[in-house]
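Biologist: Got a minute to walk me through this one? I'd like to start with the pocket and then wander about a bit.

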Amino acid sequence: MREIGGLSGSSGSRLPVSVGEHEMDIRLVEAPESQSGVIGTLLQEYLRQLSAFTEMRTDEQGSFPYPYLNLYWEEPGRIPYMIEVDGLTAGFALIREVINECASPHMSIAEFYIVPAYQRKGVGKKVFSMIIGLHQGNWQLSVYRNNQAGLLFWRHVFKEYALDT
């Protein structure tokens, strides 16, 4: 398991973020396959929230199908990250390197989720900063047009980093 944070050279790298009186220890950890169940659980909550903006429906077991999760441990160019705050699971990011003949190579944020307890506290913005620091180059992401909270978050992040929307 590789941890990524704001301090280089230490095995427990971290990026401190102050919220009010509390400084949060935010970690971005490349998830081993043994953590796929944790990401799968978080992914279901994320997809449940996204279903309000899509035609996405549950299967007969009440789960939202997501056929790509296992590919993050099987295919090169796919990277699953766990997000931790103060040692607790706080979300995930699924990143892809996209190489095809129709477009120039770029990185894509396939899925990005911060659990509600950590939303609107600067965690997502700091995690995005860590991710783009690790994966330099062109980026692509998609947000559902009627997902107002998602649109506001990403516009704020892009403005902060002077990126095009």
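**Pocket first, then the rest**

Modeller: Sure. In the largest pocket, E6 gives the biggest share of the lining, with seven residues. Keep in mind that this is a predicted model.

Biologist: Which other elements supply at least two residues of that lining?

Modeller: Besides strand E6 (103-114), you get H1, helix H2 (123-134) and helix H3 (148-160), each with at least two residues in the lining.

Biologist: And how much space lies in the largest pocket?

Modeller: About 1100 Å³. The lining runs to 38 residues, and the closest to the pocket's centre are Tyr46, Phe112, Asn147, Gly150 and Trp154.

Biologist: How do the lining residues divide into nonpolar, polar and charged?

Modeller: There are 22 nonpolar ones, ten polar and six charged.

Biologist: OK, zooming out. How many helices and strands are in the protein?

Modeller: Three helices and seven strands. Reading from the N terminus, the order is β-β-β-α-β-β-β-α-β-α.

Biologist: What share of the residues is buried?

Modeller: Of the 165 residues, 39% are buried. The accessible surface is about 9700 Å², and carbon and sulfur atoms account for 49% of that.

Biologist: What about contacts between residues 24 or more positions apart?

Modeller: If you take the contacts with a separation of 6 or more, 55% of them are between residues 24 or more positions apart.

Biologist: Back to the helices. What span should H1 have, and what do its end C-alpha atoms say?

Modeller: H1 covers residues 36-50, so its 15 residues should span 21 Å at 1.5 Å a residue. The end C-alpha atoms are 20 Å apart, which agrees.

Biologist: And H2, how far apart are its end C-alpha atoms?

Modeller: They are 17 Å apart, against an expected 16 Å for twelve residues, so that agrees as well.

Biologist: Which residues of H1 are buried?

Modeller: Ile39, Gly40, Leu42, Leu43, Gln44, Tyr46, Leu47 and Leu50. As a rule, an α-helix has 3.6 residues a turn, so residues three or four places apart point the same way. Tyr46 from that buried set is also one of the residues closest to the centre of the largest pocket.

Biologist: Glu45 isn't in your list. Where does it stand?

Modeller: Glu45 is in helix H1 and counts as partly exposed, because its relative accessibility is 32%. Its C-alpha is 9.1 Å from that of Tyr113, 68 residues away along the chain.

Biologist: Same thing for H2: which residues are buried?

Modeller: Val123, Gly124, Lys125, Val127, Phe128, Met130 and Ile131.

Biologist: Tell me about Gly124. What is it in contact with, leaving aside neighbours within four places in sequence?

Modeller: Phe112, Ile114 and Phe153. Phe112 is another of the residues closest to the centre of the largest pocket. Gly124 has a relative accessible area of 8%, so it is buried. There is also Ile83, 41 residues off in sequence, with its C-alpha 9.2 Å from that of Gly124.

Biologist: Switching to E4. Is Arg78 buried or exposed?

Modeller: Buried: Arg78, in strand E4, has a relative accessible area of 15%, and the cut-off is under 20%.

Biologist: What does Arg78 touch, then?

Modeller: Beyond its neighbours within four places in sequence, Arg78 is in contact with Tyr68, Leu71, Tyr72, Ile95 and Arg96. Val98 is 20 residues from Arg78 in sequence, and their C-alpha atoms are 9.0 Å apart.

Biologist: Last topic, backbone. Where do you see a positive phi in a residue other than glycine?

Modeller: Arg120 is one case, with phi near 60°. Asp86 also has a positive phi, about 50°, and is not a glycine.

Biologist: Where are those two found?

Modeller: Both are in loops. Asp86 is in the one between strand E4 (78-85) and strand E5 (88-100), while Arg120 lies between E6 and H2.

Biologist: How exposed is each?

Modeller: Asp86 is partly exposed, at 37% relative accessibility. Arg120 has a relative accessible area of 75%, so it counts as exposed.

Key
Residues are numbered from 1 along each chain as its sequence is written. This is a predicted model: local features need pLDDT of at least 70, side-chain atom pairs count only at pLDDT 80 or more; totals for chains, interfaces and linings use all residues. Side-chain values use heavy atoms; hydrogens and water are left out. Helices (H or I, at least four residues) and strands (E, at least two) are DSSP runs, numbered from the N terminus. Buried means under 20% relative accessible area, exposed over 50%, partly exposed in between (1.4 Å probe, protein chains only). Contact means heavy atoms within 4.5 Å. Accessible areas come from the Shrake-Rupley method with a 1.4 Å probe; for residues, only the protein chains shown count as cover. The expected span of a helix is 1.5 Å times one less than its number of residues. On a 1 Å grid over the protein atoms alone, a cavity is a set of points where a 1.4 Å probe fits but cannot get out, and a pocket is an open set with protein on both sides within 12 Å along at least five of seven lines; lining residues have an atom within 4 Å of a point. Grid points are joined across faces, edges and corners, and a volume is the space filled by probe spheres set on the points. Ala, Val, Leu, Ile, Met, Phe, Trp, Tyr, Cys and Pro count as nonpolar, Asp, Glu, Lys and Arg as charged, and the others, Gly among them, as polar.
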